[in-house]
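Reader: I have a model open and want to go through its packing and backbone. Can you take my questions as they come?

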Amino acid sequence: MQRGRYVIPFSELRMTDVGSVGGKNASLGEMLSQLTEEGIRVPDGFATTAEAFREFLRGAGLVERINARLEALDVDDVRALAATGAEVRRWVEEAPFPALLEEEIRSFHQWIAPESSRGISVAVRSSATAEDLPDASFAGQQETYLNVVGTDAVLARVKQVFASLYNDRAIAYRVHKGFVHADVALSAGVQRMVRSDLGSAGVMFTMDTESGFRDVVFVTSSYGLGETVVQGAVNPDEFYVHKPMLAAGKFPLIRRSLGSKLVKMEFDPETANGRTVRTVEVPLAERHRFSLADEDVLELARYAVRIERHYGRPMDIEWGKDGIDGKLYILQARPETVKSQAHVQQRFKLKNKSRVLASGRAIGQKVGIGKVAVIHSVAQMEHVRPGDVLVTDMTDPNWEPVMKRAAAIVTNRGGRTCHAAIIARELGIPAVVGCGDATDRLADGSTVTVSCAEGDTGYIYEGALQTEVETVAQGRLPEVPVKIMMNVGNPQLAFEFQSLPNSGVGLARLEFIINNNIGVHPKAVLDYPRVDAELKHAVESLAHGYASPRQFFESRLAEGIATIAAAFWPKPVIVRLSDFKSNEYKKLIGGTRYEPDEENPMLGFRGAARYIAESFAECFEMECAALKFVRNDMGLTNVEIMVPFVRTLKEASRVTELLAANGLQRGDNGLRLIMMCEVPSNAVLADRFLDYFDGFSIGSNDLTQLTLGLDRDSGLVAEGFDERDPAVKALLEQAIKACRARGKYVGICGQGPSDHADFAQWLMEHGIESISLNPDTVIETWRRLAAAS
């Protein structure tokens with residue numbers, strides 16, 4: 001189809017046409033013409049030009065009227081803004097099209113949806129000529145109309161799209177961003193619909209939206225049309241794909257989260273009522289399954305990487321899976337406009353905590369404090385005062401004029417790519433989305449603290465809590481003669497922590513992953529379904545989306561390990577095998593049914609003794625299976641394995657044999673086995689223990705307790721706990737010397753160096769190879785060591 005004066009087919013558009021058809025339509029044309037040969041499918045269509053829009057306004061005598069009306073407007077007056085917007089939109093919708101423009105739209109619509117092909121529907125979308133530039137996000141400000149059938153309906157929707165340039169939120173946004181109203185025109189994009197109403201759809205980013213980590217593709221997905229994901233009407237499924245392993249041909253799907261997916265949007269068969277789409281409930285069985293197969297996630301990730309490479313910047317991409325032909329399509333692609341431009345990082349930390357009132361998905365990594373303003377509809381926006389915590393069911397672009405007043409935003413519905421999340425990131429305020437019932441649980445007028453500084457989960461705490469704010473130093477730190485590594489337990493914080501200066505992870509704890517990502521005792525998983533009804537129900541509830549409870553346990557464990565390993569790739573990540581004590585295992589779901597009662601669990605059934613026990617053999621097999629999958633199938637060979645609490649040489653021999661029997665042979669594919677040096681016997685017989693391992697990682701906490709014979713959790717003797725005691729230092733020196741003499745790794749991952757900078761300096765002076773610190777102490781300790789060296 002040849003271009004007209006006012007209408008251009010997507011295939012003839014390039015990014016150089018932004019001024020004529022806006023960023024959205026120009027990008028569709030760019031992908032259709034430039035990326036089709038790379039296998040990326042983009043539905044065809046056409047766009048009206050900015051010239052067509054301006055000619056439409058001129059012909060109706062609206063240019064001066066609109067400019068005069070908007071120049072007199074105070075956009076911070078919500079009532080005046082609403083009245084002005086409604087009046088201007090009415091003017092536009094009542095105006096006639098120029099004859100040639102109407103003729104060209106009719107002709108082009110017949111081209112993509114001929115009358116002989118009955119039932120072909122299109123989407124009519126907006127594309128502002130200043131839209132989707134790298135320094136602005138016009139996400140959802142203008143209207144989109146789906147399942148539009150027939151030329152007359154298309155003409156009507158195009159006019160409504162034109163009018164949507166004067167939506168309240170669009171007017172306010174242009175003023176706040178410094179855009180001159182008359183300089184912004186609108187292009188309408190008309191695109192063939194993908195039948196994702198019968199499949200699934202969502203949004204993906206070529207980076208992590210919270211941390212800005214560039215080595216992943218983040219994909220969200222839900223059933224039906226993607227509007228529910230964009231609007232925040234559903235809590236979608238989420239997936240992370242590691243780009244380096246995707247390129248290497250490994251299995252790069254490092255994390256999955258099952259969303260609730262309560263509703264979906266589909267075509268409305270009763271279009272006579274004026275609606276073209278409707279929202280219906282998703283059957284329970286479908287909610288409990290992922291809405292996208294692994295192979296589809298990986299295909300989308302490959303699309304995303306190609307699109308990012310073509311544009312040379314992080315991208316925000318909408319996609320749909322056609323439920324009829326089963327194929328994946330790209331519906332939009334625009335620059336990511338928040339994290340990719342962040343230059344100064346701040347790290348927030350709560351100094352105290354209180355009762356948790358609600359929780360959901362964390363957006364923004366910050367903390368906000370204010371009085372709750374529960375708002376049930378956009379008509380109540382004037383009740384939100386500057387500094388309030390806005391609490392509502394969900395937001396849409398109509399809420400934007402008031403969202404900038406809020407100290408934080410809390411919604412019942414939505415995922416990390418919903419409207420509330422996008423706008424919160426742009427405004428630089430924390431948001432917790434998808435809480436489920438926050439509007440019921442948070443009392444209007446009460447003071448709360450909204451924390452998004454604790455990982456993927458955001459919490460709303462009662463009262464105003466004290467907060468520390470640290471500005472993270474940018475640039476290189478001075479050289480030090482020791483490797484600074486980090487202790488990372490929470491995979492959800494790994495993408496953020498990797499941005500700190502580091503030489504890898506000296507301690508990644510499996511207990512944290514099991515406790516937070518799995519939550520159930522491994523024996524309950526293995527005994528399923530031969531367990532009591534209560535435990536059976538609990539296991540089934542946790543394992544939704546997985547083929548079996550065992551697959552759930554192994555997959556979730558692997559995903560937690562892989563997330564940390566991917567974040568720090570290719571630097572070493574030392575993963576410690578689970579070191580729960582029996583009293584800690586009891587706290588897992590089903591734990592009381594399986595764990596013994598011990599007088600002193602710290603000295604009891606833990607570490608290597610547990611792994612080699614026949615009663616724990618199958619549980620240990622699941623840990624090994626997860627580690628093996630991460631290294632061999634996912635390709636994350638930077639994972640090294642650390643064995644904790646090895647009391648005797650016999651235990652050392654048996655546990656290394658058991659690892660080998662489970663496919664984790666020391667030396668295979670570069671695998672290093674590290675022993676945690678935390679029992680005095682480890683240091684006394686260091687040279688002999690090193691026959692079984694590739695080095696030591698010193699656990700100063702337990703080593704100090706066992707050397708000094710005290711319990712640091714006992715208030716009666718805790719004052720005597722000090723890693724710098726001469727007896728402890730003597731054992732540390734023995735262990736370090738033995739490793740150095742054998743040319744083997746020696747590091748420390750205990751709490752001591754994080755608490756005592758002088759202890760870290762002593763370790764450096766005595767030849768420690770690496771010091772693994774808590775992330776919040778890395779910068780300060782690094783600088784002190786540099787000053788002392």
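Author: What follows covers the cores, one strand, one helix and some backbone details. This is a predicted model, in which local features need pLDDT of at least 70 and side-chain atom pairs count only at pLDDT 80 or more, while totals for chains, interfaces and linings use all residues. Residues are numbered from 1 along each chain as its sequence is written, and side-chain values use heavy atoms, with hydrogens and water left out.

Reader: Fine. Which residues touch the most other members of the largest nonpolar core?

Author: Met204, Ile307, Ile330 and Phe568, in a core of 146 residues. A nonpolar core here is a set of buried Ala, Val, Leu, Ile, Met, Phe, Trp, Tyr and Cys residues joined through side-chain atoms within 4.5 Å. Buried means under 20% relative accessible area, exposed over 50%, and partly exposed in between, with a 1.4 Å probe and protein chains only.

Reader: Which helix gives the most to this core?

Author: Helix α19, residues 549-568, with eleven residues. Helices (H or I, at least four residues) and strands (E, at least two) are DSSP runs, numbered from the N terminus. A second, separate core has 45 residues, including Ala52, Leu73, Val148 and Ile171.

Reader: Back to Met204. What does it touch, residues up to four places away in sequence not counted?

Author: Among its contacts (heavy atoms within 4.5 Å) are Val217, Leu300, Tyr303, Trp319 and Ile330. Met204 also stands opposite Val219 in β7.

Reader: And β6, which strands does it pair with?

Author: β6 pairs antiparallel with β7 (residues 216-223) over four bridges, and six bridges join β6 to β12 (residues 315-321), also antiparallel. Two strands pair if DSSP finds at least two bridges between them. In β12, Trp319 stands opposite Gly202.

Reader: Is each face of β6 buried or exposed?

Author: Both are covered: Ser200, Gly202 and Met204 on one side, and Ala201, Val203 and Phe205 on the other, are all buried.

Reader: Switching to helices. How many residues of α13 are buried?

Author: Seven of its nine. They pack against α8, β15, α12, β18 and β19. Just after α13, Gly428 takes a positive phi of about 75 degrees.

Reader: Which residues other than glycine have a positive phi?

Author: Asn147 has phi near 55 degrees and Phe645 about 45 degrees. Asn147 counts as buried because its relative accessibility is 6%. Phe645 is buried too, at 1%, in the loop between β26 and α23.

Reader: Where are the cis peptide bonds?

Author: One joins Tyr528 and Pro529, with omega about 5 degrees. Another joins Trp569 and Pro570, with omega about 0 degrees; Pro570 lies in the loop between α19 and β25.
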